[in-house]
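User: I am new to this structure and should like to be guided through it by questions and answers. Please proceed from the chains to single residues.

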Amino acid sequence: MYDRAIVHMDLDSFFVSVECLKNSQLLGKPLLIGGMSSRGVVASCSYEARRFGVHSAMPVKMALRLCPQAIVMRGDMDEYSKYSTLVTDIIGEDAPVFEKSSIDEFYLDISGMDRFFGCFKWTQELRQKVIKESGLPISFGLSVNKLVSKIGTGEAKPNGEKQITKGTERNFLAPLSTRKIPGVGPQTYKKLSFMGIRHIYTLRDIPIRLLEREFGDHGKQLWYKANAKDNSPVVPYTEQKSMSKERTFVEDTLDMVFIRQKIIAMVDDLAYELRKSGKLTCQVTVKIRYADFNTYTKQKRIQYTANNKILLGHILHLFEQLYQRRQLIRLVGIKFGSLVYGNFQINLFDDTVEEIDLLKQMDVIRNRFGAKAIQRASSLSLPVKS
Amino acid sequence: MKFSVSSSDLLKKIQVATGVLPTNAIMPILDDFLMELKGDQLTLIASDLETTLRTVITVNGVEDGTMAVRGKILNDTIKALPEQPIEFAKEENESILVIKTSNGEYKLASDNFEEFPQIPDAVTSEGVEIPVPILESAISRTLFATSNDEMRQAMMGVYLHIQKDKLIFVATDAHKLVKYTYLDFNTSQEGSMIIPKKSLNLVRQALKGSGNVKLNYSNSHVFMEMEDTEIGCRLIDAQFPNYNAVIPTENPNLLTIDRVSFIQSLKRISIYANKTTNQLVLTLDNDGILIKAQDLDYHNEAEEKLSCQYSGDPMEVAFNSKFLVEMLTVLDTDDVIMEFSTPNRASLILPSSSADDEDLLMLVMPVMVNR
């Protein structure tokens, strides 16, 4: 067998970098991108902000307590995906096989390249090309599998490169904290710490059966990861299988009128996205998270459609079935699954010409002025004039 | 009970009756045929509690009697036998039916016939007579358009509206609709009902000759009497949608096209359409019709141009190709007419000509075009 050569590339603090690119005055300042509301979390933060202990997924409120001088921005997802596509195109031009695993992360399989250029040299050149053409800082890790490369990138950051050659990957991982293993979150790390396992060199010597007993299947994965074993292939392109949306409320609520409005708004937005991408769904899911973080979902198979009215009917029906506990609701989410390309079949009896025309016109307005340009009154909460 | 009968005569009746047998019966006895012999008349009854079929066969009767035997086994046996006279014999006190043929002897256990449920009687004030060919063509043209959606009971059957001077058959699944009208008709009593599709399918198989079918009905049941077979069933108790309201009246855009070449073209193009949605787009203008389909998942694409007569505004309208093919197939004229108003309203499909005593109208709902 030939050795594999896998590259993991990651754009450094992507959202922040994009904002800095657009406005150079932000450079070198602590910057947070995330929700402005009381429950918003940090989606991305600059390295200057990280120095104060801020990290992503932290509530914005807490981040501001740590770093009161930070600039908070709302973020513009459309702009970010534009830059993401730009980088994807640059990588796609050169890479033989690549996988876009998130908006700012890529895996490349360049096995066999060393015969011609040397893998490290080739990747360095690609990185310089990305930096030059997009203006965004990017880091990479090069190793024998996806796991080691990803951890390598983490070590190389910010704006760096790292090669972990074959045979050294176990030694490379050994002194690192177990927290650095992808898939080890705060919960798992806490449990591992209790067991006295804080470093990968400890974890890799634990019998696999003990880990399996404590963590189930996840434990087995942990052991393999700690031993730098990962066979997962680089999957070139994955078709979007579902689209979803969820809302965390500013305050946990029991106000059904309000929740209904939010559901109507979400279905409206998501159904518009569905039609815009020319797709139909035949599986709808509703998710409720209660104040105590217990989360429930319920799904249903339906006839292929992209019609707001039908989707809303099913979603509200599912919501009523799912909402069992008389407890404050923290989050409501919806998801459309099993997508296929197509346009929806109009119904003889349920759809009136006026409704179809309205739907069409709303889509035309949204295509021209943006998704928020027009909304249903039933999805808005306006102050009532008495 | 003892009689002999020609295997082919019996098979014809049994095959229709087998259609009644339920796939998973609530009561075991419903898997049986009830057979009653009086003189030379053998009456065979099958039922699934919703639909009941009673058919009469002329046999050489020897000894009168009644019995109940497994319908499927009997059907399989007769089907597998070569044409010949068969002898059936069952002693009064025993539960074994002996079937004697030139090939050998078959013993079949019979069940207690008294368990067989009572058949509801035809209660009606006045019956209606429909010529066999008319009923046959009405069923074959409407049945395919019925729905399979259990949530919409009303659409799982064919709606029959008996008016003073005409009979109207309507079937729909909310995406397509067929309305068949028989005009050479007279009755004093009006009525309407939704007949489940299973029964109509049986009626179609049982229809023969050129006589009349006598239709008796009550609020809950309908009984259709043919030459030697009677099929009764419970009606669907639901409100049929107001179909007249959805038939568009102003359709300024007219397409006349050769039916067979249109079907063939649609079939070829639909090979390239998405397999789950079967959607294709028709582009109509005065030069002709362009049929186009694409499957974005596989980058498959096809288009064909057909000549036709089209008068109206140029337009682009999308359909499920399955619906179009199904509807065009049940027509029998050389040319068909399609009428359009706008791309998101129902389109009409009509035969270019029809007999004086019948009238056929089909509706098909388009698919939304994003533009």
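The exchange below concerns a predicted model and turns from domains to charged side chains.

User: How many helices and strands does chain B have?

Analyst: Chain B has 371 residues, of which 53% are buried. Its C-alpha atoms fill a box of roughly 80 × 55 × 35 Å along the principal axes. The secondary structure of chain B comes to 6 helices and 26 strands.

User: What distance separates the centres of domain 1 of chain B and domain 3 of chain B?

Analyst: The domain assignment of chain B gives domain 1 (2–115), domain 2 (126–244) and domain 3 (247–364). Taken over C-alpha atoms, the centres of domain 1 of chain B and domain 3 of chain B are separated by 48 Å.

User: What distance separates the centres of domain 2 of chain A and domain 3 of chain A?

Analyst: For chain A, the assignment lists domain 1 (1–166), domain 2 (167–234) and domain 3 (242–379). Between the centres of domain 2 of chain A and domain 3 of chain A, again over C-alpha atoms, the separation is 40 Å.

User: Which residue forms a salt bridge with R70(B) at 3.4 Å?

Analyst: The structure holds 36 salt bridges over all chains. In one of them, the side chains of R70(B) and D31(B) meet at 3.6 Å, N to O. That pair links distant parts of the chain, with R70(B) in strand β6 (residues 65–70) and D31(B) in the loop between α1 (7–18) and β2 (32–38), 39 residues apart. The salt bridge whose closest N and O atoms are 3.4 Å apart joins R70(B) to D111(B).

User: Why does the pair of D111(B) and R70(B) tie together parts that are apart in sequence?

Analyst: The two residues form a salt bridge. D111(B) lies in strand β9 (residues 105–111) and R70(B) in strand β6 of chain B, so the pair ties together parts whose separation in sequence is 41 residues.

User: Is R70(B) buried, partly exposed or exposed?

Analyst: A residue is buried under 20% relative accessible area and exposed over 50%. R70(B) has a relative accessibility of 28%, and its partners D31(B) and D111(B) have 24% and 27%. Because its value falls between the two limits, R70(B) counts as partly exposed.

User: Which residue forms a salt bridge with R268(B), and is that residue buried or exposed?

Analyst: The closest N and O atoms of R268(B) and its partner E304(B) are 2.7 Å apart. E304(B) lies in strand β21 (residues 300–306) and R268(B) in helix α5 (residues 259–270), so the pair ties together parts 36 residues apart in sequence. R268(B) is partly exposed at 43%. With a relative accessible area of 19%, the partner is buried, and its name is E304(B).

User: Which residues are joined into one network by salt bridges that share partners?

Analyst: R70(B) forms a salt bridge with D31(B) and another with D111(B). The network that shared partners create consists of D31(B), D32(B), R70(B) and D111(B).

User: Where does E94(B) lie?

Analyst: E94(B) gathers with E63(B), D64(B), E91(B) and E92(B) in a patch of negative charge on the surface. At 49% relative accessibility, E94(B) counts as partly exposed. Its place in chain B is the loop between β7 (85–90) and β8 (96–100).

User: What separates the C-alpha atoms of E230(B) and N60(B)?

Analyst: E230(B) lies in strand β17 (residues 229–234) of chain B and is buried, with a relative accessible area of 17%. Along the chain, E230(B) and N60(B) are 170 residues apart, and their C-alpha atoms are separated by 22 Å.

Methods. Residues numbered from 1 in each chain as written. Chains lettered and ligands numbered in written order. Predicted model: local features only at pLDDT ≥ 70, side-chain atom pairs only at ≥ 80, totals over all residues. Heavy atoms only, no water. Patch = residues over 30% accessible without salt bridge, like charges linked within 9 Å, V, L, I, M, F, W, Y side chains within 5 Å. Areas by Shrake-Rupley, 256 points an atom, 1.4 Å probe, with all protein chains shown as cover. Salt bridge = Lys/Arg side-chain N within 4 Å of Asp/Glu carboxyl O. Lys, Arg positive; Asp, Glu negative; His and termini not counted. Charge placed at Lys NZ, Arg CZ, Asp CG, Glu CD. Helix = DSSP H or I, 4+ residues; strand = E, 2+ residues; numbered from the N terminus. Buried < 20%, exposed > 50% of the residue type's maximum accessible area, 1.4 Å probe, protein only. Domains from an automatic or database assignment.
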